[in-house]
Structure formats: C-alpha cells, structure tokens
Amino acid sequence: METKIDLDKPRFDQSTYTGRAKHFFITTNPLNVFKTSKELDKAKDIVVRYKAGEHLPGLTPDDIWRAKHTYDSAFHPDTGEKMFLPGRMSFQVPGNMTITGCMMTFYKSTPAVVFWQWFNQTFNAVVNYTNRSGDSPISVQRLGVSYVLATGGAVSTALLINRQVGRFPPLIGRFVPFAAVAVANCINIPCMRSQELDSGIPVLDSEGRRLGDSTAAAKRAIGQVVFSRICMATPGMLIPPILMNRLERSGFLARFPWSGAPIQVLLCGAFLTFATPMCCALFPQMASVRVSALEAPLRDRLLKEGRKPDEVLYYNKGL
C-alpha cells in the first residue's frame, strides 16, 4: 500500500541545515514567477484533492510534491488565495536584485538615495502585507507605522553617512546602501512584529502541545529573522561594490557609463539566488528554547506543572 504524503510538512528534514536549504531553494525559486494561472490553478487542484484524501491515478509522489511546491509559491498558506505577484517568495530574487542593483548604482545624489530607499521599503511593505498571517493579520495601522519608520530610518542613515564619506576612499561610499538596508531591517521587522513583543508567541512541547505565549521566545525569533535578513543582503551588497570600484578605476565605466546599473543588477541577482535560501535556512523554522530561558511568570508556571528547567520547547520564528 502506498504511503500517504504529509503535505503539511516540508519534504526535506528541517532539523538539518542541508534539508532547510533544499526547502528554501525550492520555495524561493524565481522560475516560479513564470508559472501561468492555468498551471497554478492545476497545482492547487491537485493539492486540495490530495489533502482531501482523493485518489489521483497517474500521479507519482514527485508529481504530488511538484504540485505542492508550485502551490506554495503562489497561494497564501492560511487563506488559500492567490497572492499578489510582487509579494510572492518566488519574486524575492528578481525584485530585490533590481532594487538593490539600482540602490548601489544611484547612491551619490540625494534625490536618488531618497527614491530608491523609499522604493525598497515600499516593496518590503508589499511583501509583508502579502504574506501576513491569516490567523492574526497585520493591521493597516501597524503596517503603516512600520513602513514610515523603516523608510525614515533607511533614508536618514543613507543621507547621514553620505555626508561623512567624502573624507574616505570612494569605495566606502558604495557601502552606504548596505548600511541603510541593515538599519531599516533592524527597525522594520521589530515594528511589524511588535504585537509579539507585547503578547508573546506560542511555545510548544515536543508533542506539539501549546504551553503558553512567550515574549522571550518572540525576542529570540525577531533577532534571528533580523540577523538572517541582514546576512541575506550582505554578499550582494558588499562584494559587487568592490568589483564595481575596480571597473571604475580601470576606466571601464568611463567608456561604458550605461553598463553600471545592468552589471550591478546581474551581480546582485547571482548572489541573491543563493543567499536568499541559504540565509532563510540559517535557523530552524521551529526554533528551540529551554524552559529556564523563558520569562519568569511563564517559566515559574511551567516548573510548578512539573516541567524541567532544561526541557526544550519550540516556537515558530517566522520569516
């Protein structure tokens, strides 16, 4: 008898970095952007019918998984609705490579800095809104506050550093967009998830039983996501400036001034194709925390209920 596939869990072992990386390479595959509506609807039909227990003759396990991966690339996991294209995970590489390449090309003038930092944060807001939780959605007010603060932080950082880099070698100026993006991530993600910092996120035991909501786990989760996002941007925003600086010194950009933006966009795309899934996989999606590391009220309650201080609990860190 054929073993039924559990489509509620990833195909690869999420307890290992390799398994998580394989999962995210599939999830963020930019080729899924080119899937037609007909292909997406067919994948959804297969997934829905298979989960309902319907027998689907002629489909192999690989076919089922392929449909599931296509479904995950375009449909919201909670609502099942088709997501807005720029907000899909499969659009992260083409979207970010274009924006990042332009941020690093047009970084010298104030209007260009303001425009591209604003555009980047607008794109981030679209992604955050599109991927909001169906159970506890992000309010428009929270999204707006996060958007304004992150945009303000990114623009202010970029303009402030730009004023100071004149005394340094030209290469330093090329790193300004990275500093602005890092600051924006440190503002944007905690703002978006501030409700979790107030109320906590669910912590579960090894059998999946919810034991309570922890603000200590929320702080860890947000810290892990901020770190992953900054690592994700690092290769594509630190290595291309070095290469572009060499091209500029060799006179190549003077001979072909139009080539700066396309070269940086392509370089960013090459790095992001690998950095996005590899950095998403840095921490397990279901991260762990010991009872002893929880905030006092929850920790004391669990200890009174017979839990051990070194018992490991789990929480969903988010993306």
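Is His23 buried or exposed, and what is its relative accessible area? His23 is buried, with a relative accessible area of 19%, where buried means under 20%, exposed means over 50% and partly exposed lies in between, all with a 1.4 Å probe and protein chains only.

Before I go on, please keep in mind that this is a predicted model, in which local features need pLDDT of at least 70 and side-chain atom pairs count only at pLDDT 80 or more, while totals for chains, interfaces and linings use all residues. Residues are numbered from 1 along each chain as its sequence is written, and side-chain values use heavy atoms, with hydrogens and water left out.

His23 lies in helix 1, helices being DSSP runs of H or I with at least four residues, numbered from the N terminus. Not counting residues up to four places away in sequence, His23 touches Pro10, Phe12 and Gln14, contact being heavy atoms within 4.5 Å.

Helix 1 also brings me to the surface, where Tyr17, Phe25, Phe227, Phe274, Met278 and Leu282 make a nonpolar patch of about 540 Å². Such a patch takes residues with over 30% relative accessible area and no salt bridge (a side-chain nitrogen of Lys or Arg within 4 Å of a carboxyl oxygen of Asp or Glu), and its nonpolar side chains, from Val, Leu, Ile, Met, Phe, Trp or Tyr, are joined within 5 Å. Helix 1 (17-27) and helix 12 are the elements that give two or more residues to the patch. Met278 lies in helix 12 and is partly exposed, with a relative accessible area of 36%.

Turning to the interior, the largest nonpolar core has 16 residues, of which Met97, Met103, Val181 and Met237 touch the most other members; a nonpolar core is a set of buried Ala, Val, Leu, Ile, Met, Phe, Trp, Tyr and Cys residues joined through side-chain atoms within 4.5 Å. Two or more residues each come from helix 4, helix 5, helix 8, helix 10 and helix 12 (260-280), and helix 4 gives the most, with 6 residues.

Val181, in helix 8, is buried at a relative accessible area of 10%, and, leaving aside neighbours within four places in sequence, Val181 is in contact with Met103, Asn120, Ala233 and Met237.

Finally, helix 5 (residues 110-130) has buried residues that include Trp116, Asn120 and Phe123, and among the elements covering the buried residues of helix 5 are helix 4 (92-105), helix 6 (140-164), helix 8 (176-192) and helix 10 (215-250).

Methods. Expected span 1.5 Å × (residues − 1). Patch = residues over 30% accessible without salt bridge, like charges linked within 9 Å, V, L, I, M, F, W, Y side chains within 5 Å. Areas by Shrake-Rupley, 256 points an atom, 1.4 Å probe, with all protein chains shown as cover.
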